[in-house]
Amino acid sequence: MIVNSERAIALTCPACQVIQEHPFSLFTISRQPLQLLCRCGFSQGHLRKLKRNYELDVLGVDGDRVRLLLSRNELIRTPLRNIFSTKNGQELGYIGSPEAVQEAIVTGSRDFVAESGDFANPQIMREILAMLQDLAEQHKIRCECEHPSVGIDIYADKVELVCAFCGSMVVIGASTHKHQERLSRVSEIIMEPCTAQYLEEWLKPLT
Ligand SMILES: [Zn+2]
Ligand SMILES: [Zn+2]
């Protein structure tokens, strides 16, 4: 198998809020760290080789420091990986092949612009999505069926978690403060196979 050593990482800059792409080669990065310098002059951090892994040490969109370890395999073989903050689940950017990263920047930003104007309450929707992201990162969203594969469908005023395997679905309202508050008390979302349920009926609060 031929391994292409050309990779790219794209991160949203906390200073200018623009997503900045940084191409790099796996060969050069093993000798010296890649400094992630934005076009605006802000230094976001670095990506460097750390024993058998690669360490990403950057400032996230809201200025929090985020440190992630990527395995060698992950970096070499995954065509595209989303990078999320380990602190708040916020999406920071992408890493992968230069083509895939480029495409993700183009389609990703276009989607966001198209969608955010359609939300009943963009602020609430953002909070709800961030909370769901957080739960997903901690593996706290799952379906109890044989081959769980939970995806997310976003509408103007609600979010649906859908298991692609069994069709189980959870509907989460995402337009009022009450919706936001309700979800903030949820510590885990476990979907029952093949049934549609509403969040408020059965999700267990933290306490
Ligand atoms: Zn910048
Ligand atoms: Zn399922």
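**Exercise 1. Find the accessible surface of the protein chain in this predicted model, and the share of carbon and sulfur atoms in it.**

Solution. Start with the total: the accessible surface of the protein chain is about 11,800 Å². Next, split by atom type: carbon and sulfur atoms hold 52% of that surface. Now turn to the residues themselves. The chain has 207 of them, and 38% are buried.

**Exercise 2. Work out how many helices and strands the protein chain has, and what share of its contacts join residues at least 24 apart.**

Solution. Begin with the elements: you'll count six helices and 14 strands. Then look at contacts between residues at least 6 apart in sequence; of these, 42% link residues at least 24 apart.

**Exercise 3. Describe the site of the zinc ion (ligand 1): which residues coordinate it, and what is the arrangement?**

Solution. First, pick out the donors. Cys13, Cys16, Cys38 and Cys40 each offer their SG atom, at 2.3 Å. Second, check the spacing along the sequence, which reads C-x2-C-x21-C-x1-C. Third, look at the angles: the four donor atoms subtend 104 to 115°, so the arrangement is tetrahedral. To count as tetrahedral, four donors need all angles between 85 and 135 degrees.

Last, are Cys13 and Cys16 buried or partly exposed? Buried means under 20% relative accessible area. Cys13 has 0%, so it is buried, while Cys16, with 29%, is partly exposed.

**Exercise 4. Do the same for the zinc ion (ligand 2): name its donors and give their spacing.**

Solution. The donors are the SG atoms of Cys143, Cys145, Cys163 and Cys166, at 2.2 to 2.3 Å. Along the chain they follow C-x1-C-x17-C-x2-C. Angles among the four donor atoms run from 103 to 116°, and the site is tetrahedral. As for cover, Cys163 has a relative accessible area of 1% and is buried; Cys166, at 17%, is buried too.

**Exercise 5. Place Asn53: which strand holds it, and which residues does it touch?**

Solution. Asn53 lies in strand 5, which covers residues 53-59. Its relative accessibility is 27%, so it counts as partly exposed. Set aside the neighbours within four places in sequence, and Asn53 contacts Arg48, Leu69, Leu70, Ser71 and Arg72. Now try Glu74: it's 21 residues from Asn53 in sequence, and their C-alpha atoms are 9.3 Å apart.

**Exercise 6. Find which ring the charged end of Lys158 sits over.**

Solution. Go to Tyr155: the charged end of Lys158 sits over its ring, 4.9 Å from the ring's centre. Then look for aromatic pairs, and you'll find zero in the structure.

Technical notes: Residues numbered from 1 in each chain as written. Chains lettered and ligands numbered in written order. Predicted model: local features only at pLDDT ≥ 70, side-chain atom pairs only at ≥ 80, totals over all residues. Heavy atoms only, no water. Donors = N, O, S within 2.8 Å, 3.2 Å for Na, K, Ca; no water. Tetrahedral: all angles 85-135°; square planar, octahedral: opposite > 155°, others 65-115°. Buried < 20%, exposed > 50% of the residue type's maximum accessible area, 1.4 Å probe, protein only. Helix = DSSP H or I, 4+ residues; strand = E, 2+ residues; numbered from the N terminus. Contact = heavy atoms within 4.5 Å. Areas by Shrake-Rupley, 256 points an atom, 1.4 Å probe, with all protein chains shown as cover. Phe/Tyr/Trp six-rings, centres within 6.5 Å; stacked < 30°, edge-to-face > 60°. Lys NZ or Arg CZ within 6 Å of the ring centre and 35° of its normal.
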